[in-house]
Amino acid sequence: GEIPEKFGQRLGPLGVRVAELTGDMQLSKKELDMVHVIVTVPEKWDVITRNSTAGGGATDESIQKVVQLIIIDEIHLLNDDRGAIIETVVARSLRYQETS
């Protein structure tokens, strides 16, 4: 996609690896371990952090453990149909951080 490509071009020279995670694309556990930035949509992040086998077998806990920053674009969608998904992933991430 356009955004991961732009991030990759700008961050690549700094040694930062960027990967896209969509409904069509899965990342293996090895790929997840090697990537620094994951670009995805809220719905995909919801599935990955909810299901322990999503994302190439990586567990919810292992993914949540390595996340240090979440950037949510188009936050104005909170008042839209997708708003509930955004709210869910933010709440799940905050809950994980508070309990770990």
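**Salt bridges and a buried aspartate**

At 48% relative accessibility, Arg50 counts as partly exposed, and this residue is a good place to enter the structure, which is a predicted model. Arg50 counts as partly exposed because its value falls between the 20% that bounds the buried class and the 50% above which a residue is called exposed.

From Arg50 we can move to its partner Asp46, for the two residues form a salt bridge in which the closest N and O atoms are 2.5 Å apart. Both residues belong to helix H3, which covers residues 42-50, and they are separated by 4 residues, or about one turn of that helix. Their surroundings can be described one by one: Asp46 is buried, with a relative accessible area of 6%, whereas Arg50, at 48%, is partly exposed.

Which other residue does Asp46 form a salt bridge with? The partner is Arg92, and here the closest N and O atoms are 2.9 Å apart. This pair links distant parts of the chain, since Asp46 sits in helix H3 while Arg92 sits in helix H5 (residues 83-99), and the two are 46 residues apart. Asp46 and Arg92 are both buried. Taken together, Asp46, Arg50 and Arg92 are linked in a network of salt bridges.

Staying in helix H3, the reader can next look at Thr49, whose relative accessibility of 1% places it in the buried class, because that class takes in values under 20%. A polar atom of the Thr49 side chain lies 2.8 Å from the backbone oxygen of Trp45, and the side chain of Thr49 also reaches the backbone oxygen of Asp46, at 3.5 Å. Asp46 therefore appears in this part of the account through its backbone oxygen, having appeared above through its salt bridges with Arg50 and Arg92, as both kinds of contact fall within the cut-offs used, 4 Å for a salt bridge and 3.5 Å for a polar contact.

Another part of the chain offers a further salt bridge, this one between Lys6 and Glu2, with the closest N and O atoms 3.2 Å apart. Both of these residues lie in helix H1 (residues 2-11), and they are 4 residues apart, about one turn of the helix. Is Glu2 buried or exposed? Glu2 is exposed, with a relative accessible area of 54%, while Lys6, at 40%, is partly exposed. In total, the structure holds 4 salt bridges, among them the pairs Lys6 with Glu2, Asp46 with Arg50 and Asp46 with Arg92.

Conventions: Residues are numbered from 1 along each chain as its sequence is written. This is a predicted model: local features need pLDDT of at least 70, side-chain atom pairs count only at pLDDT 80 or more; totals for chains, interfaces and linings use all residues. Side-chain values use heavy atoms; hydrogens and water are left out. A salt bridge is a side-chain nitrogen of Lys or Arg within 4 Å of a carboxyl oxygen of Asp or Glu. Buried means under 20% relative accessible area, exposed over 50%, partly exposed in between (1.4 Å probe, protein chains only). A polar contact is a pair of N or O atoms within 3.5 Å; within protein, one must be able to donate a hydrogen and the other to accept it, and residues adjacent in sequence count only if both atoms are side-chain atoms.
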